[in-house]
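Here are some exercises to work through with the model open beside you. Try each task before you read its solution.

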Amino acid sequence: MYEIINMISTAYFPEFIIIVFVLINIFASLFFDTHFYKLSKWITLLGIVLALASTFYLQIDPEAYAFDGTFLSNIYTVFFKILILICGFFLVLLSRNMIREKRDRAFEYFTVFLSGLLFAMCTVSATDFVGLFVCLEALSLSCYMLLSFTKSPDAKQLTFGYLIQGAVVSSLFLLGLSLIYGLCAQVNFEQISLYFANASVMQTQPQILLTFSLVLLVCTFLFRLGLVPFSSWLPDTFKGASYPICAYISSVPVLACFGILAKLLMTFYNYTFTMKIVFAFIAVVTIILGSLSAIRQENLKRLMAYSMSVQSGIMLLGLCVFSVYSLSSVLFYLFCYVFANIGAWSAIILLYNSARLESLSDLKGLWYHRPYYVMAFTIVLIALAGLAPTSGFVSKLYIFSAVARSGFVFLPFLMIALIGCVVMIYAYWRIIRSMFRRIDTGIEIDNHVISSKYILYACSFATIFICLFADKIIRLCQLVAYYM
Amino acid sequence: MSFLSLIWLILAPIVVALIIMFPKFPNHQVKIRRFAKWFASLHFVYALLFLVFFDTSMYGMSFEKELTFFGMSWLKSLGISAKFGVDGIALLFVILTTFVVLITLFMSKIHIRSKHKLYYSLVFLLESAILGLFCAKDMFVFFVFWELSLIPIYFLVSQWGNSEARRAAMRYTFAAFVANMFLFFGMLILYYYNFAISNVLTANIETLNMDSKFYPLWFQIFVFVNFLIGFAMRVPFVLFHNWYPDIQSKSSAPVNILLSGFVLNTGVYGLIRFNIQVFPEIFKLFAPVLMIWGLVNIVYAGAISIVQPGVKKMVSYAQISTTGFVMLGLSCLNSVGFNGAVFASIASSLVFCSLFVVISCIEFRTKTTYITSLGGIGQVMPKCMYLALIICFAAIGVPFLVMFTPKLLILTGAMLSNLDQQLMVKIAAFIGLCAIAVSAGYIMYFFYKVFCSVLLEQWKKLKDLSPQETAVLSALCLTIVYLGINPMSIINVYQSVSSIILDILQV
């Protein structure tokens with residue numbers, strides 16, 4: 001008993017709290033009827049805040065293990081967990097209006113939501129392939145279930161592709177896992193890398209098999225991050241899903257997948273030089289294709305889907321030139337991306353909930369009705385585009401300087417990525433432009449959508465604040481990257 | 001002088017822009033305008049104080065200051081810090097910018113009819129960006145302000161222009177982002193490969209260089225060209241010049257004045273700071289190319305200027321043609337040419353800013369800018385005509401007016417130049433001399449068509465300049481005459497800087 005408590009308090013505390021609150025939510029759904037649907041939101045918020053607070057009690061110096069070394073907790077994982085929890089906090093507030101319309105399923109929604117957060121956190125902490133597979137699968141399951149909350153007629157059809165492709169990719173992951181296990185009879189990352197570090201093994205074992213299995217393993221991450229061979233699900237799924245769920249899919253799995261992908265790449269880095277170029281190629285193609293598709297979109301959700309794809313492409317480009325410097329730049333980029341992305345989604349949710357504005361042409365003349373919304377939204381979009389006085393610029397500067405310092409080979413990729421970023425600036429600029437149009441449509445705006453308004457203001461403030469005080473956060477990211 | 005802080009000079013317009021945007025600030029156009037004008041006047045005086053206390057004999061930067069956030073410098077872990085400082089060239093550009101903003105605000109009253117809060121705060125945001133760009137000591141801080149200036153330009157052109165302005169602004173902004181991308185790419189490479197040699201992670205412009213011993217020539221040329229594209233877009237040089245007449249002809253009159261007052265300066269400043277100071281050897285290699293490019297600029301843009309149907313386009317092309325002289329002066333690689341080039345960019349900003357003020361007065365009265373529908377206005381607007389005559393003479397380069405000295409210096413510099421291709425240089429100088437005649441052609445054609453030909457029936461009841469317009473134009477003309485009579489007052493300020501830069505170029 002004592003050992004279990006000790007394990008929880010050193011390594012597993014935030015997850016444990018989330019589990020407790022998932023159970024509380026389930027039990028509360030038994031005892032409270034639809035009338036008390038707001039209770040579920042408060043339970044969830046309380047759980048997230050407590051989990052955030054509990055991260056400070058973890059013994060993470062240098063690291064702590066749980067469950068016989070299958071669950072790792074150190075500064076690196078805690079960094080990601082804090083980001084995931086902050087995301088979750090904002091997303092709970094953003095789902096307010098959706099829950100009001102579906103009161104009878106509020107407890108169910110938040111139970112699935114919290115377990116999604118839980119498995120995202122566990123994904124980052126995984127130290128072996130089996131645990132990783134279970135966590136990723138559970139994370140995807142929570143996404144599938146959240147997607148089923150939408151009741152619009154074509155939603156099922158649009159989101160079905162996500163389910164099918166996700167299943168295919170998961171099976172590929174399993175195949176890669178079994179091949180790796182067949183090669184070295186290990187599932188732990190460290191053990192596998194130690195096994196292959198032995199030079200005599202590399203001569204007897206076929207290297208092509210290792211590369212092949214790694215490619216299979218990586219497919220699942222490419223799929224979750226919306227990178228190029230597997231990016232076709234993004235716009236359709238986003239179009240079919242409800243707004244808060246789009247925000248969820250574009251932030252929580254992205255954080256979890258980048259967290260674990262960085263770790264995997266570091267473990268297998270020495271054996272896959274060609275992977276570097278392949279990753280850079282994938283990143284660049286994603287950026288170009290995503291940005292070229294984004295400039296033709298009319299629907300805000302579809303545009304944001306391509307935006308997520310492009311942002312993951314930029315982060316992958318930073319990740320593939322592997323060093324501590326570039327890893328810290330990716331961490332910083334994720335940090336900035338979370339705030340800008342949540343801010344943009346909160347603005348879009350705000351516009352949808354208050355006046356049912358869905359496409360770019362609906363936004364015309366918004367400046368004349370709500371100048372302060374428009375200003376905050378503009379700042380957030382500028383941050384996503386990576387322009388000057390916001391966090392986006394600093395993060396882009398950092399990540400591209402990391403790419404520039406990794407050698408002549410990457411300069412063409414950097415050039416193409418920058419071109420793609422300029423195209424993406426145009427895509428974001430179209431939103432800003434349509435808000436400042438002179439056409440005066442009588443938009444009726446409901447003033448009662450409060451929480452998303454404050455999140456929008458908070459995020460637009462945060463993007464500028466991060467830009468000014470970037471130094472502290474960059475140092476933090478460097479520390480985190482160093483400890484990984 | 002402790003009360004002279006560059007940080008305040010740069011950030012005060014942003015603060016004022018925020019004050020104007022603040023919901024509690026009265027949304028009454030007279031109050032906003034008066035507040036803006038008062039602030040701009042004080043700001044101009046404050047900028048002039050820097051000139052008064054400027055030590056002209058000092059080599060390097062003066063008034064150095066670092067912007068810290070509660071004791072932390074901006075991006076210390078990346079070697080980037082928000083340090084500011086001005087040398088002679090930057091200081092002159094700073095003062096010119098504040099002066100142009102002041103003139104713009106005085107001319108805004110009659111043209112800006114809606115969205116006053118947004119307009120005045122955007123003008124101040126733009127001013128802040130331009131000032132920050134001139135004062136930045138750090139490459140990436142320079143780039144931040146460089147990009148920051150694009151967003152106000154987009155809104156200023158698109159919101160208050162004519163019906164086609166929105167598309168033109170979009171085209172320009174997008175093209176500028178592409179050019180900025182080249183600039184950013186060059187900066188990233190320079191940033192890292194400087195670090196690889198010196199082992200100091202820094203982006204300070206003064207210490208940056210790419211040592212020719214370590215890197216192949218083609219690589220340096222590649223980085224150099226990236227910078228050149230970024231700045232040539234802004235100056236604008238021919239090949240990258242289409243945006244300038246495009247947005248000038250479509251935006252409203254005060255925005256014309258504002259744009260003509262700083263675009264050339266920012267581009268030339270970037271060329272001097274990066275392409276000359278960081279890559280002196282490549283610049284020497286490129287000097288003949290740039291010289292020919294400058295000549296093409298002068299002749300081609302001048303020829304196009306004559307056939308334009310609109311007055312605004314005509315004057316814009318005339319300004320592009322004048323930038324050719326700047327290029328010619330910079331590529332001479334001697335002190336006479338360099339002094340002339342810096343002076344020419346200041347003078348041309350001043351002169352063309354004044355020409356756009358004249359055009360704004362005419363446009364307000366006639367509501368048209370087509371040259372065929374104007375004509376003979378001089379008969380009903382004599383004050384305007386005489387002031388415009390001084391400005392047009394200045395644009396041609398008549399002695400004792402502001403453009404004379406720089407053109408003289410540039411052509412003398414071209415004659416004295418020590419470039420290897422002696423014959424080409426002499427021919428270039430000769431063509432430049434002839435090009436003055438071309439410039440006289442298009443400027444006088446403009447003047448004749450607008451003021452001197454037959455007076456049309458519908459313009460017989462036009463009123464002459466109002467006292468405010470007369471005051472603004474007279475102030476500009478006085479500046480033009482004063483700088484024409486006393487050119488050394490400008491040249492003295494940046495002579496020490498130019499000697500440093502020439503030392504770099506002689507290496």
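The exercises below go from whole chains to single residues and then to contacts between parts.

This is a predicted model, in which local features need pLDDT of at least 70 and side-chain atom pairs count only at pLDDT 80 or more, while totals for chains, interfaces and linings use all residues. Residues are numbered from 1 along each chain as its sequence is written, and chains are lettered from A and ligands numbered from 1 in the order in which they are written.

**Exercise 1. Chain A as a whole**

Find out how many helices and strands chain A has, and how its radius of gyration compares with the globule rule.

Step 1. Start with the secondary structure: chain A holds 20 helices and two strands. Helices (H or I, at least four residues) and strands (E, at least two) are DSSP runs, numbered from the N terminus.

Step 2. Now turn to the radius of gyration, taken over C-alpha atoms; the globule rule is 2.2 Å times the number of residues to the power 0.38. For 484 residues the rule gives 23 Å, and chain A has 22 Å, so chain A is as compact as a globular protein of that length.

Step 3. Add the dimensions: the C-alpha trace of chain A spans about 75 × 60 × 45 Å along its principal axes.

Step 4. Finish with burial. A residue is buried if 20 or more other C-beta atoms lie within 10 Å of its own, exposed if 12 or fewer, and partly exposed in between, with C-beta atoms placed from the backbone. In chain A, 54% of the 484 residues are buried.

**Exercise 2. Chain B as a whole**

Do the matching job for chain B: what are its helix and strand counts, and what is its radius of gyration?

Step 1. Chain B has 18 helices and four strands.

Step 2. A compact globule of 507 residues would have a radius of gyration near 23 Å, and the 22 Å of chain B agrees with this.

Step 3. Taken along the principal axes, the box filled by the C-alpha atoms of chain B is roughly 70 × 65 × 40 Å. Of the 507 residues in chain B, 57% are buried.

**Exercise 3. Two helices to check with a ruler**

Compare the expected and actual spans of α15 of chain A and α7(B).

Step 1. The expected span is 1.5 Å times one less than the number of residues in the helix.

Step 2. Helix α15 of chain A (residues 324-355) has 32 residues and should span 46 Å; its end C-alpha atoms are 46 Å apart, which agrees. Because 29 of its 32 residues are buried, α15(A) is largely enclosed by the rest of the structure. Just after α15(A) comes R356(A), with a positive phi near 55 degrees.

Step 3. The 34 residues of α7(B) should span 50 Å, and the 48 Å between its end C-alpha atoms agrees. N199(B) follows α7(B) and has a positive phi, near 60 degrees.

**Exercise 4. A pair of strands**

In which sense do β1 and β2 of chain A pair?

Step 1. Two strands pair if DSSP finds at least two bridges between them.

Step 2. β1 (residues 63-66) and β2 (residues 71-74) of chain A pair in the antiparallel sense over four bridges. A64(A) stands opposite S73(A) in β2(A).

Step 3. Look at the link: β1(A) and β2(A) form a hairpin with four residues between them, and F67(A) in the turn has a positive phi of about 55 degrees.

**Exercise 5. One residue in chain B**

Is A36(B) buried or exposed?

Step 1. Locate A36(B) in helix α2 (residues 29-52) of chain B.

Step 2. A36(B) has 25 C-beta neighbours inside 10 Å, so A36(B) counts as buried.

Step 3. Leaving out residues up to four places away in sequence, A36(B) touches L105(B) and Y120(B). Here contact means that C-beta atoms, placed from the backbone, lie within 7 Å.

**Exercise 6. Where the chains meet**

Which helix of chain B supplies the largest share of the side that touches chain A?

Step 1. Count the residues: 23 of chain B are in contact with 28 of chain A.

Step 2. α5 (139-148) and α7 (165-198) of chain B each supply at least two residues of that side of chain B. The largest share, 11 residues, comes from α7(B).

Step 3. Sort the side of chain B by class: 19 residues are nonpolar, two polar and two charged. Ala, Val, Leu, Ile, Met, Phe, Trp, Tyr, Cys and Pro count as nonpolar, Asp, Glu, Lys and Arg as charged, and the others, Gly among them, as polar.

How values were computed: Contact = placed C-beta atoms within 7 Å.
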